[in-house]
Amino acid sequence: MKAIYIDEPGKVTIRDIEMPKRKSGEALLKVLYGGICGSDLGSYRGTFAYFDYPRIPGHEFAAEIVEIDENDRGLKPGMTVTCNPYFNCGHCYSCRRGILNACMDNQTMGCQRDGAFCEYITMPLERIYDGKGLSPKTLAAIEPFCISYHGVQRAGINPGDKVLVIGGGTIGVLAAVAAKALGGEVYLCDIPAAKEKLMRSQEMFGFAGTVFNEGAESLEAAVKEITGCEDVNGTPMGNGFDVCIEAVGLPSTFQSCIDCAAFGGRVVLIGVGKQNLDFNFTMIQKKELNVYGSRNALKKDFLELIDLVKEGKVDLEKIVTNVYSFHDAAQAFEDFSTKGGSMLKVGIDFTDI
């Protein structure tokens with residue numbers, strides 16, 4: 001069968017490899033559709049923290065069940081499904097406490113182990129979720145929605161909370177969608193170069209507004225305008241955002257979340273990066289901030305969001321702005337890397353192999 005490889009930073013090839021062999025308790029799946037996520041793009045650029053070369057990328061995907069044993073999960077050949085791609089060890093301290101998404105030896109497909117960007121894969125039955133008739137394009141977007149949804153839930157958003165999401169990529173947009181669904185007044189923020197993408201997201205999902213990050217001064221002005229009030233002397237000031245969500249993975253954007261958060265506010269870090277940040281950590285104490293990390297997602301996130309999308313409450317296909325043939329995978333990665341300011345979610349169609 002054929003598989004997509006990232007051989008080294010900036011180099012994507014298609015190779016012929018052996019078909020996987022299904023074991024007891026596994027299903028053989030034919031991949032139908034995949035999405036290139038931020039970590040895949042970071043791996044292509046050489047900036048992602050959890051990647052070794054060469055490797056098959058991909059953990060956002062939809063597939064058709066080809067072979068499967070009889071089971072009590074209702075899974076049958078011919079069904080279109082999506083999967084949980086985070087493999088946990090099952091015996092570390094996190095796993096023993098049921099925090100499977102934060103396994104101390106986590107191996108995510110396409111990151112610490114080979115991913116789904118090939119014709120066929122095998123998956124354990126417990127990681128396969130019925131797509132309930134959703135299209136492959138929609139099902140491939142469930143996993144990134146889970147990443148965002150899980151992070152937003154960490155923030156404990158209340159109706160009326162002012163929420164700033166920094167990062168206009170897929171994860172940021174979907175975090176904004178999730179925060180809005182929980183009743184937040186959501187503002188999406190990115191650099192001016194991403195204006196086209198930001199305005200398209202605003203139009204599609206109707207957030208409260210957009211903020212362009214041109215540096216600390218511009219963000220300070222936006223905070224004053226959006227969360228404004230006056231001090232006892234009548235001087236304009238900003239209360240700050242109740243919740244700030246970081247969905248980029250850069251030191252500067254994490255610092256921006258600390259700066260823009262209200263006293264007593266919540267900050268959630270979803271983005272993944274490799275750089276260090278030197279900052280005045282006393283601001284966390286001074287503001288009495290609640291700072292949360294968010295990693296991966298849980299089974300319940302997948303099941304809840306499949307139902308949410310099935311009910312028509314969120315149209316995930318809106319976020320897919322560009323689709324490439326399997327054979328054009330190298331071009332897809334190159335374009336996403338160089339033209340990302342206008343692209344939101346890039347998909348790969350595996351049905352034309």
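Is Asp-105 buried, exposed or partly exposed? At 48% relative accessibility, Asp-105 counts as partly exposed. The figures below start with the whole chain and come back to this residue later. The model is a predicted one.

**Figure 1. The whole protein chain, a fold of 11 helices and 19 strands.**
The radius of gyration is 21 Å. The globule rule gives 20 Å for 353 residues, so the protein chain is as compact as a globular protein of that length. Along the principal axes, the C-alpha atoms fill a box of roughly 70 × 40 × 40 Å. Buried residues account for 51% of the 353 residues. Take the contacts between residues at least 6 apart in sequence: 67% of them join residues at least 24 apart. The accessible surface is about 15700 Å². Carbon and sulfur atoms hold 48% of that surface. The chain carries 36 positive and 46 negative charges. Their mean positions lie 3 Å apart.

**Figure 2. Close-up of Cys-37, in the loop between β3 and α1.**
Strand β3 covers residues 26-36, and helix α1 covers residues 38-45. Cys-37 is the loop residue to find here. Its relative accessible area is 7%. Buried means under 20%, so Cys-37 is buried. Which residues does Cys-37 touch, not counting residues up to four places away in sequence? They are His-59, Glu-60 and Lys-345. Now look for Gly-169. Cys-37 and Gly-169 are 132 residues apart in sequence. In space, their C-alpha atoms are 9.1 Å apart.

**Figure 3. Helix α6 and its buried face.**
Helix α6 runs over residues 195-205. Which residues of α6 are buried? They are Lys-197, Leu-198, Ser-201, Gln-202 and Phe-205. Seen down the axis of α6, these buried residues fall within an arc of 135°, so they line one face of the helix. A general rule helps here. An α-helix has 3.6 residues a turn, so residues three or four places apart point the same way. What do the buried residues of α6 pack against? The partners are α5 (170-181), β11 (185-190) and β12 (209-212). Just after α6 comes Gly-206, with a positive phi of about 65°.

**Figure 4. Close-up of the cis peptide bond from Tyr-53 to Pro-54.**
Follow the backbone from Tyr-53 into Pro-54. The peptide bond between them is cis. Its omega is near -10°. Where does Pro-54 lie? Pro-54 sits in the loop between α1 and β4, and β4 covers residues 60-67.

**Figure 5. Two residues other than glycine with positive phi, Lys-132 and Glu-288.**
Start with Lys-132. Its phi is positive, about 50°, although it is not a glycine. Lys-132 belongs to the loop between β9 (128-130) and α3 (136-139). Its relative accessibility is 39%, so Lys-132 counts as partly exposed. Turn next to Glu-288. Phi of Glu-288 is also positive, near 50°. Glu-288 is in the loop between α9 (282-287) and β17 (290-293). Its relative accessibility is 62%, so Glu-288 counts as exposed.

**Figure 6. Close-up of Ser-256, a buried residue in helix α8.**
Helix α8 spans residues 251-260. Ser-256 has a relative accessible area of 9%, so it is buried. Which residues does Ser-256 touch, leaving out those up to four places away in sequence? The contacts are Ile-166, Asn-213 and Leu-219.

**Figure 7. Asp-105 and Asn-106, in the loop between α2 and β7.**
Helix α2 covers residues 93-96, and strand β7 covers residues 107-108. Asp-105 is partly exposed, at 48% relative accessibility. Asn-106 is buried, with a relative accessible area of 6%. Leave out residues up to four places away in sequence. Asp-105 then touches Phe-87 and Cys-89. On that count, Asn-106 touches Tyr-86, Phe-87, Gln-112, Arg-295 and Asn-296. Phe-87 thus appears as a contact of both Asp-105 and Asn-106. Two cysteines serve as distance markers. Asp-105 and Cys-95 are 10 residues apart in sequence and 9.6 Å apart in space, C-alpha to C-alpha. Asn-106 and Cys-89 are 17 residues apart along the chain, and their C-alpha atoms are separated by 6.7 Å.

How values were computed. Residues are numbered from 1 along each chain as its sequence is written. This is a predicted model: local features need pLDDT of at least 70, side-chain atom pairs count only at pLDDT 80 or more; totals for chains, interfaces and linings use all residues. Side-chain values use heavy atoms; hydrogens and water are left out. Helices (H or I, at least four residues) and strands (E, at least two) are DSSP runs, numbered from the N terminus. The radius of gyration is taken over C-alpha atoms; the globule rule is 2.2 Å times the number of residues to the power 0.38. Buried means under 20% relative accessible area, exposed over 50%, partly exposed in between (1.4 Å probe, protein chains only). Contact means heavy atoms within 4.5 Å. Accessible areas come from the Shrake-Rupley method with a 1.4 Å probe; for residues, only the protein chains shown count as cover. Lys and Arg count as positive and Asp and Glu as negative; His and the chain ends are not counted. The place of a charge is taken as NZ of Lys, CZ of Arg, CG of Asp or CD of Glu. The arc is that of the directions from the helix axis to the C-beta atoms.
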